[in-house]
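User: I am new to this structure and should be grateful for a close look at one part of it. Please take the side of one chain that touches its partner, together with the elements that belong to that side.

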Amino acid sequence: MSDRKPLKVSGLLQSGKISRDPNAVQLEEFGARTGFRASSTGPLQIALADIDDSPYQPRTLYDPIEIDNLAHSLAAAGLKEPVLLRAKSDGRHELIYGHRRTRAGRNLGWTEIAAYVVTHSDREAELAAMVSNEARVDLTDYERGMLYRRSIASGFAATQTDIANLFGTTQGRVSRCMAMLKLPDTYLVMLDQKPDLFGSRCAEDIAHLLKEYPAETALIEDGVHRITEEGADQKSVKQWVQQMVKQKHNTAGPKEHAVVTDRAGRAMFTAKRAGREVTIRIQATEIEAKEVEEIVLAALRKRAEKVFE
Amino acid sequence: MRGFVGIKSRMAIEFSGWTKNSKAFLWAYRGSELVPHQQRQYAPQEIRNIRLDLLDVPHIYKRPRKLPPVINFRMAKGGTGKTTMAANVASCMAMMGYRVLMIDGDPQASLSGMFGVDWATQDVTHVGELMRRANSKNETTRIEDAIVPMYAGGMLDLIPASIDMAGADGWINQINIGREQTFTKLLDKELDFFSHYDAIVVDSAPSSSLLTTAFMVASPTVLAIVMPERQSLGALNILQSHIQELNDHFGTSRYGIHIVANRYNQSKKPHQVTLGQMTDTYGKFMNDTIVRDFVGFLRDTSGTDNDHRGLLLESEPNSVGARDVIDLTKSLTKLYGIKLVDGITGNV
């Protein structure tokens with residue numbers, strides 16, 4: 001008989017290979033006469049003015065165009081899926097998920113929205129907001145990294161594998177997103193302002209560049225600025241920086257001029273150096289080129305002699 | 001009859017529920033040796049006798065006159081592996097010593113095809129025809145016409161299908177009262193015959209016809225074979241409304257579902273996600289065993305040589321797929337209350 005262990009639903013759940021949505025409503029009776037209802041109480045209409053954002057929401061960036069698109073679809077089809085709220089002690093409500101739908105609803109001028117209201121402790125609400133929003137919206141890698149770090153800080157997970165299981169992703173991804181947070185402060189400031197500036201792959205490139213060219217921090221920063229200023233692809237950062245560094249080493253800095261004058265201040269000779277080439281120009285007309293050549297060659301021979309000393 | 005002789009000793013020990021050491025088993029039960037002193041093989045009939053011995057029940061034991069459990073493989077979507085699972089589970093049950101009757105309820109006759117019965121070249125009496133005879137006033141059913149034996153000793157029999165069966169909806173539609181009970185009427189009328197089996201396995205078509213409804217009525221718990229993919233979740237909703245109609249019609253809530261995840265591929269992220277969603281909503285109805293996507297299941301339908309077009313337990317008994325089938329079958333016998341000897345639990 002095969003030695004490979006059979007797969008069980010319970011086993012996959014336990015190992016975290018498949019993850020459950022903690023807010024999902026289990027079907028109690030299949031094909032029951034009451035019909036398919038998500039909740040026994042049903043959604044309520046809650047005034048939008050009484051709804052606050054979740055402090056645990058990992059998303060910091062709301063694309064106005066995206067919210068607008070969502071508003072269009074809400075206007076056309078209505079709200080298909082109620083948002084989830086928890087009641088607070090002061091009579092207001094706090095979102096668990098549905099941040100974008102709430103915003104779209106406000107934009108449409110709605111005064112209330114269909115919502116399920118649950119009673120959650122802070123901790124439950126934090127976990128629910130983390131897990132459901134991680135899965136639902138396209139968070140940027142930076143936001144994910146922050147979220148993963150917070151899940152450790154709040155004690156929901158101890159290791160990267162725990163985090164991966166909690167959010168139904170892979171350990172590799174968790175590791176990459178969290179590595180973003182280790183970038184120097186200058187980059188973190190940029191990401192705080194614009195979380196979608198670059199992703200975890202690009203962050204990996206930046207970390208790699210910083211390690212390889214510790215003297216070129218300014219150049220690397222320029223490379224990142226190109227993403228916003230020139231609309232460059234974030235994948236090009238690494239190549240661009242590498243190319244710039246290479247160019248810098250090929251041409252050894254700016255060209256240098258030297259002028260030799262007589263006592264009256266008249267230019268007799270000019271010397272120009274570019275790379276390993278030195279050009280001498282004889283400005284004074286009374287001096288023969290042949291004479292200068294002999295002087296220079298004599299000096300060069302003397303220098304060459306020195307090698308054998 | 002198929003060319004299948006029997007299972008090997010290791011599997012025979014597992015299926016018979018032998019708890020002492022394997023040498024004692026080999027000493028007590030010889031099986032049959034194709035080549036002297038070589039691998040022994042145990043026919044389904046022999047496993048049955050061993051199990052009856054262990055229960056201290058004589059081999060000639062006769063079931064009481066009542067209908068055995070009916071397992072209806074049904075899903076509102078094609079290609080999820082209904083037929084493959086029905087055939088494999090039925091053959092596995094037979095190898096575990098149960099007498100099993102398979103009914104091909106799909107006009108496409110794919111179950112019949114898997115067992116090498118071809119309606120184009122053979123004379124086939126399909127279940128639709130039997131239902132028609134049972135529901136008419138002046139005809140006898142002559143159910144023996146329909147039976148095609150697969151394993152010796154009546155361990156695995158098949159009522160094959162043919163393309164004509166698609167026409168069954170026509171005459172069922174003309175019945176005024178009890179359209180839904182046409183299949184149960186056949187079962188009741190031929191109770192003497194059906195009560196001889198320990199289990200009846202029905203392979204239904206994906207469509208929602210009067211014929212599939214008739215099968216559903218006979219089996220309160222529909223067995224849905226579901227692939228962990230988005231479309232399957234949609235099909236489950238269709239099935240749900242179908243079951244809801246049945247419950248409404250009969251004013252009960254006895255009709256329900258049992259879900260088996262099939263063709264699961266662990267390395268495909270969407271499969272993991274969808275399986276997670278399935279357990280979210282239908283967790284209560286799902287079988288714990290997941291049948292993995294295994295190439296051997298494909299092999300047994302793509303072959304052209306009928307004698308070697310084996311079921312997984314016949315052709316690749318040591319494979320991953322066979323293991324999944326065995327685990328699934330064991331859980332289904334418990335769930336549907338399939339018993340070797342009535343009054344004593346099947347999986348002793």
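Analyst: The account below follows the side of chain B that touches chain A, and then one helix that belongs to it.

The model is predicted, with an ipTM of 0.79 and a pTM of 0.58. For chain B the mean pLDDT is 86, and 94% of the residues reach 70 or more. Residues 344-348 of chain B, by contrast, stay under 50 in pLDDT.

Between the two chains, 34 residues of chain B are in contact with 25 residues of chain A. Several elements of chain B each supply at least two residues to this side, among them H1, helix H11 (230-250), strand S10 (256-261) and helix H15 (320-335). The most comes from H12(B), which gives 7 residues. By class, the side of chain B that touches chain A holds 12 nonpolar, 13 polar and 9 charged residues.

Strands also join the chains: S11(B) and strand S1 (residues 7-8) of chain A run antiparallel and are linked by 2 bridges. Here Thr289(B) in S11(B) stands opposite Lys8(A).

H1 of chain B, one of the elements that touch chain A, also packs within its own chain. Helix H1 (residues 9-16) and helix H3 (residues 44-54) of chain B have axes 10 Å apart, at an angle of about 40 degrees. H1(B) is therefore oblique to H3(B), and their crossing is right-handed. From H1(B), Ala12(B), Phe15(B) and Ser16(B) meet Ile47(B), Ile50(B), Arg51(B) and Leu54(B) of H3(B). This contact comprises 5 nonpolar, 1 polar and 1 charged residues.

Note on methods. Residues numbered from 1 in each chain as written. Chains lettered and ligands numbered in written order. Predicted model: local features only at pLDDT ≥ 70, side-chain atom pairs only at ≥ 80, totals over all residues. pLDDT = per-residue confidence, 0-100. Contact = placed C-beta atoms within 7 Å. Axes fitted to C-alpha atoms, helices over the stretch in contact; angles between N-to-C directions. Helix = DSSP H or I, 4+ residues; strand = E, 2+ residues; numbered from the N terminus. Parallel < 35°, antiparallel > 145°, perpendicular 65-115°, else oblique. Left-handed = near helix turned anticlockwise from the far one by under 90°. Nonpolar A, V, L, I, M, F, W, Y, C, P; charged D, E, K, R; others polar. Pairing = 2+ DSSP bridges.
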